[in-house]
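Dear colleague,

I am passing on the structure below, and I would be glad if you looked through it before reading my notes. After it comes what was found, starting with one residue and ending with the chain as a whole.

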Amino acid sequence: MKKVVIIGGNAAGMSAASQIKRQQPEWEVIVFEKRDYISYAACGIPYYIQGLVEDLDQLISFTPEEAVQKRKVNLKTRHKVLSIDPQLKTVSVDTPTGTSVESFDFLLISTGARPVRTGIDYTPSERIYNAVTLGDAESIRRFIDKENPKKCAVIGGGYIAIEMIEALRERGLETHLIHRREDLSRNLEKELSTAAKKEMEKQGVILNLSQHVTAVKEKGGLVEVETEHDKFTYDLVIVATGVEPESTLAKNCGIETGIKGAIRVNKLMQTNYPYIYAAGDCTETKNIITGEPYYVALALKANKEGVIAGVNISGVESETFPGVLGTAITKLFDIGLARTGLTLAEADKHGYDAFKFKLSNNSKSNYYPGGGLLTAVLVAEKKEGRVLGAQMFGPVDSVKRIDVYATAITAKMTLDQIFQLDLSYAPPFSPVYDLVVLSGRVGRKMI
């Protein structure tokens, strides 16, 4: 019988624990989680703050009690791992009753991600928050309900910032976006960034762009945001400048790290110690297109990596993780935004001779009610027309078409092959020439 220790009880950690117990029910699987809760949907935090999700428990996939009773995992909440000794195969743990040492045959590190703090001087407080954990969500909603703030700001330009903008504006707050660049996330082409900014302004969001924030400080019951050029005052501020891998434990014990300090793993999810695995937002992965190291914090990646690490630790079979495209989708008021693959800037950086083009079409047949204008931006190789990236904006439900592009990019399809796809058609769902097929028709003429 083997003993497996897992550090972290969210997506990757619990996916691995469940997989190991399924494959090797006699093995001992211990999960150390520093918080009170496990397996929560961080992606649902903005919707809880907005009020669309009524109860915080709705964001929890399963409880600690269910993990112990149904999945037979030895879960220990409020246990924080302090250090790892790879040679002795032990971890040191801060427990509610003192410090203890636990041995292992296999170790999985699934410590997730933490808010990026570089460049901004701030300390979270009653009026200054991140929006990463359930604790953050609970505190922000309680503050809004109790204190009734009038004016707030979100600092950042990524997915969390975009979703928090909508949540706070829908709560009736005067909402400002403060961002260091004129455009939003570097992962979004300029066309999508422009569409997002127009939608924000349409919904009454005040944009303070090209403002590099240096400090956020609470003063006299208000929050003062200092930039290189100005000062702004708010009742509430959310700092959503992105996340970075929480890889401190790994770095401190000699486990190799790579891009952005993420833990370096092979396709089996092993570190440079074959009996120590890592999975989730703390790990580096591979970009499917370029084959090069890549870092992204996304829920599906974390869950898949946890499953694969669990399968390989159990030793019953072997499974590999191929990497990701960075596919993502989000809602901003009345529009959806989605992306997959490389931007044109990324394609150029990696040496592809690529071009970009944009086209639009109705999301449904023009005579069928409820549709709207759907726009796609594609990046493709000039010579053969292989699709390298795609981004979309338009009616919320319509941008889920990004998954067709993600599939096509994974299969290394060309624009001509996309034009030849036999996609479904009916007026409530798309025009005869769905935008995906139309993009192949238009794009292949440009090669």
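**Ser18 and its helix**

Ser18 counts as buried, because its relative accessibility is 7%, and the cut-off for that word is under 20% relative accessible area. Please keep in mind while reading that this is a predicted model, and that every value here was computed from it. Ser18 belongs to helix α1, and although Arg71 stands 53 residues away from Ser18 along the chain, the C-alpha atoms of the two are separated by 6.3 Å.

The helix that holds Ser18 runs over residues 11-23, which makes 13 residues in α1. From the first C-alpha of α1 to the last the distance is 18 Å, close to the 18 Å expected at 1.5 Å a residue. Is this helix largely enclosed or not by the rest of the structure? It is largely enclosed, because 11 of the 13 residues of α1 are buried. Among these buried residues are Ala11, Ala12 and Gly13 towards the beginning of the list, and Gln19, Ile20 and Lys21 towards its end. As for what covers them, the buried residues of α1 pack against the strands β1 (3-7), β2 (28-33) and β7 (106-109), and also against the helices α3 (64-69) and α8 (299-314).

Another residue of helix α1 is Met14, which is buried with a relative accessible area of 1%. If neighbours within four places in sequence are left aside, Met14 is in contact with Gly9, Val31, Ile38, Ser39, Phe62 and Ala67. One of these partners, Phe62, is 48 residues from Met14 in sequence, while the C-alpha atoms of Met14 and Phe62 are 9.8 Å apart in space.

**A strand residue and the last helix**

Ser92 sits in strand β5, which covers residues 90-95. With a relative accessibility of 16%, Ser92 counts as buried, since the cut-off is under 20%. Not counting residues up to four places away in sequence, Ser92 touches Lys80, Val81, Leu82, Ser83, Thr99 and Ser100.

Helix α12 (residues 435-444) is mostly covered, with seven of its 10 residues buried. The buried residues of α12 are Leu435, Val436, Val437, Leu438, Ser439, Gly440 and Gly443. They pack against three strands, β24 (354-362), β25 (373-381) and β26 (387-395), as well as against the helices α10 (402-410) and α11 (415-419).

**The chain as a whole**

The chain contains 12 helices and 26 strands, and its C-alpha trace spans about 65 × 60 × 40 Å along its principal axes. A compact globule of 447 residues would have a radius of gyration near 22 Å, and the chain, at 23 Å, agrees with this. Of the 447 residues, 53% count as buried. Among contacts with a separation of 6 or more, 64% are between residues 24 or more positions apart.

What share of the accessible surface belongs to carbon and sulfur atoms? The accessible surface of the chain comes to about 19,800 Å², and 48% of it belongs to those atoms. Finally, the chain has 55 positive and 55 negative charges, and the mean positions of the two groups are 3 Å apart.

With kind regards

Notes: Residues numbered from 1 in each chain as written. Predicted model: local features only at pLDDT ≥ 70, side-chain atom pairs only at ≥ 80, totals over all residues. Heavy atoms only, no water. Helix = DSSP H or I, 4+ residues; strand = E, 2+ residues; numbered from the N terminus. Rg over C-alpha atoms; globule rule 2.2 N^0.38 Å. Buried < 20%, exposed > 50% of the residue type's maximum accessible area, 1.4 Å probe, protein only. Contact = heavy atoms within 4.5 Å. Areas by Shrake-Rupley, 256 points an atom, 1.4 Å probe, with all protein chains shown as cover. Lys, Arg positive; Asp, Glu negative; His and termini not counted. Charge placed at Lys NZ, Arg CZ, Asp CG, Glu CD. Expected span 1.5 Å × (residues − 1).
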